[in-house]
Amino acid sequence: MTETATDIPHLTVVTHPLVQHKLTIMREKDTSTKSFRQLLREISQLLAYEATRNLPMTAKRIETPLVEMDAPVLDGKKLALISILRAGNGLLDGVLELVPAARVGFVGLYRDEVTLQPVQYYFKVPTELEDRLVIAVDPMLATGNSSVAAIDLLKEAGAKNIRFMSLLASPEGVGRMKEAHPDVPIITAALDEGLTDKGYIIPGLGDAGDRMFGTK
């Protein structure tokens, strides 16, 4: 079962059994870096299926081995995938396998461990964002501060049709995003209980970047 945006306004939680099974393995503290990275790639493709559900379509005249036909193809400019560094790259790789022609951009943000506020260090995105569906990816929607800052930057660059894709989300992060960017739908695999006093999602799975790259 997949809940839709009409079931939970602003938020889509993908409850497909394969997504939930893989996520459980990722949550386990003893899951290896290799396995964590592979599972993140696999889940990203399943989440991307939901995030791209309403892409515009048109028809193209083709010839099969038997007959000619009008067949459906994607319409408009290629979509833009925006990785919120560094952990966003884990989701990005999987989505790119699904949509290899997508344009790619990067937003470099890190969280100040004292203030929990985002600090920008890099920003490079495709041109003509105003004409593209933009999917921003970051495994963790925790406090929401970095996500809001990234969406702010994308809108300043011209993006108008934005979706946010994450592995896990907290109620606080979802609320912060809804307050700042009510026009940006969120697609995630789980809405967890809340945050620790240091801003980590609980029960969560730890720091996604550290577990993906084998750092601490």
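Contact, as the word is used throughout this passage, means that heavy atoms lie within 4.5 Å. The structure is a predicted model, in which local features need pLDDT of at least 70 and side-chain atom pairs count only at pLDDT 80 or more, while totals for chains, interfaces and linings use all residues. Residues are numbered from 1 along each chain as its sequence is written, and side-chain values use heavy atoms, with hydrogens and water left out.

With residues up to four places away in sequence not counted, Ala149 touches Leu109 and Pro118. Ala149 and Leu109 are separated by 40 residues in sequence, yet their C-alpha atoms are 8.5 Å apart in space. Ala149 belongs to helix 4 (residues 145-156), where helices are DSSP runs of H or I with at least four residues, strands are DSSP runs of E with at least two, and both are numbered from the N terminus. Ala149 has a relative accessible area of 17% and is therefore buried, a term that means under 20% relative accessible area, whereas exposed means over 50% and partly exposed lies in between, with a 1.4 Å probe and protein chains only.

Two sets of positions carry a binding-site annotation in the UniProt record, whose positions are given in the numbering used here, whose feature names are shortened, and whose annotations may be inferred rather than shown by experiment. In an unreviewed entry, UniProt lists Arg86, Arg111, Asp138, Pro139, Met140, Leu141, Ala142, Thr143, Gly144, Asn145, Ser146 and Asp207 under "binding site". From this set, Arg86, Arg111, Asp138, Met140, Leu141, Ala142, Thr143, Gly144, Asn145, Ser146 and Asp207 are part of the lining of the largest pocket. A pocket is found on a 1 Å grid over the protein atoms alone, as an open set of points with protein on both sides within 12 Å along at least five of seven lines, and its lining residues have an atom within 4 Å of a point.

Within this set, Asp138 is placed in the loop between strand 7 (133-137) and strand 8 (140-141), and its relative accessible area of 11% makes it buried. Apart from neighbours within four places in sequence, the contacts of Asp138 are Ile84, Ala87, Gly88, Leu91, Phe164, Met165, Ser166 and Leu167. Met140 lies in strand 8 and is likewise counted as buried, because its relative accessibility is 17%. With the same kind of neighbours left aside, Met140 is in contact with Leu168, Ile201, Leu205, Gly206 and Ala208.

The second set listed by UniProt for "binding site", also in an unreviewed entry, consists of Ile201, Gly206, Asp207 and Ala208. The lining of the largest pocket takes in Ile201, Gly206, Asp207 and Ala208 from this set. Ile201 lies in strand 12 and is buried at a relative accessible area of 7%; beyond four places in sequence, the residues that it touches include Met140, Leu141, Ala142, Asp192 and Gly194. Ala208, in helix 6, is buried with a relative accessible area of 4%, and outside its sequence neighbours up to four places away Ala208 touches Phe36, Ala87, Pro139 and Met140.

Helix 3 (residues 88-98) contributes further buried residues, namely Gly88, Gly90, Leu91, Leu92, Gly94 and Val95. Among the elements that cover these buried residues are helix 2 (33-51), strand 4 (80-85), strand 5 (103-111), strand 7, strand 9 (161-169) and helix 6 (208-213).

The backbone was also examined. Most residues other than glycine have a negative phi, and most peptide bonds are trans. The peptide bond from Leu85 to Arg86 is cis, with omega near 0°, and Arg86 is located in the loop between strand 4 and helix 3. Another cis peptide bond, with omega about 0°, joins Ile202 and Pro203, and Pro203 is located in the loop between strand 12 (201-202) and helix 6. Glu128, a residue other than glycine, has a positive phi near 55°. Glu128 is found in the loop between strand 6 and strand 7, and its relative accessible area of 35% makes it partly exposed.

How values were computed: 1 Å grid on protein atoms, 1.4 Å probe; cavity = no way out; pocket = protein on both sides within 12 Å on 5 of 7 lines; lining within 4 Å.
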